Amino acid sequence: MAEIAILGAGLRGLYIAYELEKQGHICTVFESSKRIGGALVSTRNSSGFLTEDGAHTLLINSEKIESLIQELDGLKQDIIEPDSQKLNRYILRNNQLNPLQPNPIALLKTPLLSLKAKFKLFSESFRKKQTIDTNISLYDFFAKHFGTECTDYLLDPFIAGTYAGDPKKLSARHTFPKLVKASQSNGSIIRSILSNKNRFKNKIVSFKEGLVQLPIALSQSLKQKPITETELLQITQEDQRWKVEFQTGKHSPEQRIFDTVYSTIPAHKTHTLPLADSVKNTLPDFNSVEHPPVTVLSLGFHTDQFKKPLSGFGYLIPTKEKQDYLGVLFTSAIFKNRAPKNHSLITVFIGGSRNPNMASLSEPELISTVYPKIQNCLQIKGDPAFSYSRYWEHSIPQYHVAYDNVIDQIDHFENSYPNFYLSGNYRNGIALGDCFSDFNSPI
Ligand SMILES: Cc1cc2nc3c(=O)[nH]c(=O)nc-3n(C[C@H](O)[C@H](O)[C@H](O)COP(=O)(O)OP(=O)(O)OC[C@H]3O[C@@H](n4cnc5c(N)ncnc54)[C@H](O)[C@@H]3O)c2cc1C
């Protein structure tokens, strides 16, 4: 049984505490802010709209995540799952929303892609195994498999909607490791996916009162609740253990000794940890990791304002279309209880690596510049009845092509300090599901 300190009560920190407590360890979770959940912030507004500041959907893509949700008290009955099969996703091209369904017949029919691009897409399934340099960008990797048009109109908007990133800068190996492995072992990504008969049937979900229910349920199941509003004053090594001095709210400073520390605070904040200079100097150069700014703008309407009822998942915009926003989720069409009766809610994503400066515009500026384009696309009459926005100065860590260097530096740090782990979303993936990835055992 070890005494463990976990820095950060986001989904990752709470998951590590949850698993380690099950193994019989004693975990103290330190959180600097007043609330737990980190990037998961769900708010039911007084007018009845339920907004999310950050993540909107959790992809359940493994038995492990599915069973975790089942075993957390009070969570499984609150799962809400859209009928994904019926929800069209759209890609904007030439100011038109083109439906995109991941089935061969729909892909053959879609006006989104030229005949040549469709041919290139389908011919990938005959691709022979070949040696490729895997230390390449996601853009180059996809273009080698599917051609540039499919990369520009399928991959690029998808990456805007997940990483808020630029596929020309992201590393193929670090962002889509499974696809790169499939390409290496099989030659064709399509063939490899089709031949995997044991594929888990992925589900996109949220919860009745939003995704924040997940960290709340994890936190409630902990024997020792996270200590919020806590400032870490000093973290020092003592006889191979770590002494953490901290102050909670207006209480007097305290100190505790731990066998192992897990830091799950965001990469761009890791250098602010109060460590001795010698330890700090060994930390990875996280300042070199791009975290583009993003604004998430929620807009609510009376359903009468829509010429056609809002239906579908939302739309994403390829870089080539030169728009100043990344895409729109049809939030209340995905999850029914996001808007009051006779109202609809959409969520607009602005900024990212593509247009970082747009993210810092004020809410009225965003409504006056971006909303008219959305209004035109979705044929909405009049102004939004409700608006709410959240600016993320540092949104999502971008795993660029040279990300091996960052991973090497993380390994070097952990080899130098074997009972201090760096376990944030700069490591095993940026999706919520990746917060449930395995972690090193405590020492
Ligand atoms: C705008 C946006 C949209 C997203 N959309 C999706 C989506 O739809 N689906 C999806 O799967 N993923 C999405 N993501 C990604 C996902 O939300 C994050 O990768 C994930 O929530 C990260 O969790 P975490 O616990 O690693 O970090 P965080 O949630 O950032 O938690 C870190 C915690 O550390 C705390 N902390 C910071 N400094 C200190 C300190 N000095 N001492 C103590 N505590 C500290 C913070 O307050 C925070 O609570 C999105 C992210 C953003 C920003």
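This is a short tour of one sheet and the helices to select around it, followed by a second helix pair. The model is predicted.

**Stop 1: the sheet**

Start with the strands numbered 1, 2, 13 and 19. Together they form an open sheet of 4 strands. Read across it and the order is 2-1-13-19. The pairing is parallel.

Now select residues 26-30, which are strand 2. Then add residues 420-422, which are strand 19. Both stand at the edges of the sheet. Each has a single partner strand, so one side of each is left without a neighbour in the sheet. Turn the view to follow the twist: it averages 20 degrees from one strand to the next.

**Stop 2: one strand pair**

Select residues 260-263 for strand 13. Keep strand 19 on screen. The two pair in the parallel sense, over 3 bridges. Which residue of strand 19 is the bridge partner of S263? Pick L422 to see that partner.

**Stop 3: a helix across the strands**

Select residues 11-22, which are helix 1. Show residues 3-7 too, for strand 1. Helix 1 lies across strand 1, strand 2 and strand 13. Its direction is about 170 degrees to that of strand 2.

**Stop 4: helix 1 and its packing partner**

Keep helix 1 and add residues 213-220, helix 10. Their axes are 9 Å apart, and the helices pack at an angle of about 30 degrees. Helix 1 and helix 10 are therefore roughly parallel to each other. Their crossing is left-handed.

Show side chains at the contact:

- From helix 1, pick L11, L14, Y15 and Y18.
- From helix 10, pick L214, P215, L218 and S219.

Colour this contact by class. It has 7 nonpolar residues, 1 polar residue and no charged ones.

**Stop 5: helices 5 and 6**

Move to residues 138-146, helix 5, and residues 148-162, helix 6. The axes of these two helices come within 8 Å. At what angle do they cross? The crossing is at roughly 140 degrees. That makes helix 5 oblique to helix 6. The handedness of this crossing is right-handed.

Show the residues that make the contact:

- Helix 5 brings L138, Y139, F142, A143 and F146.
- Helix 6 brings T148, C150, T151, L155 and I159.

Colour by class once again. The contact of helix 5 with helix 6 divides into 8 nonpolar and 2 polar residues, with no charged ones.

Methods
Residues numbered from 1 in each chain as written. Predicted model: local features only at pLDDT ≥ 70, side-chain atom pairs only at ≥ 80, totals over all residues. Axes fitted to C-alpha atoms, helices over the stretch in contact; angles between N-to-C directions. Parallel < 35°, antiparallel > 145°, perpendicular 65-115°, else oblique. Left-handed = near helix turned anticlockwise from the far one by under 90°. Contact = placed C-beta atoms within 7 Å. Nonpolar A, V, L, I, M, F, W, Y, C, P; charged D, E, K, R; others polar. Pairing = 2+ DSSP bridges.
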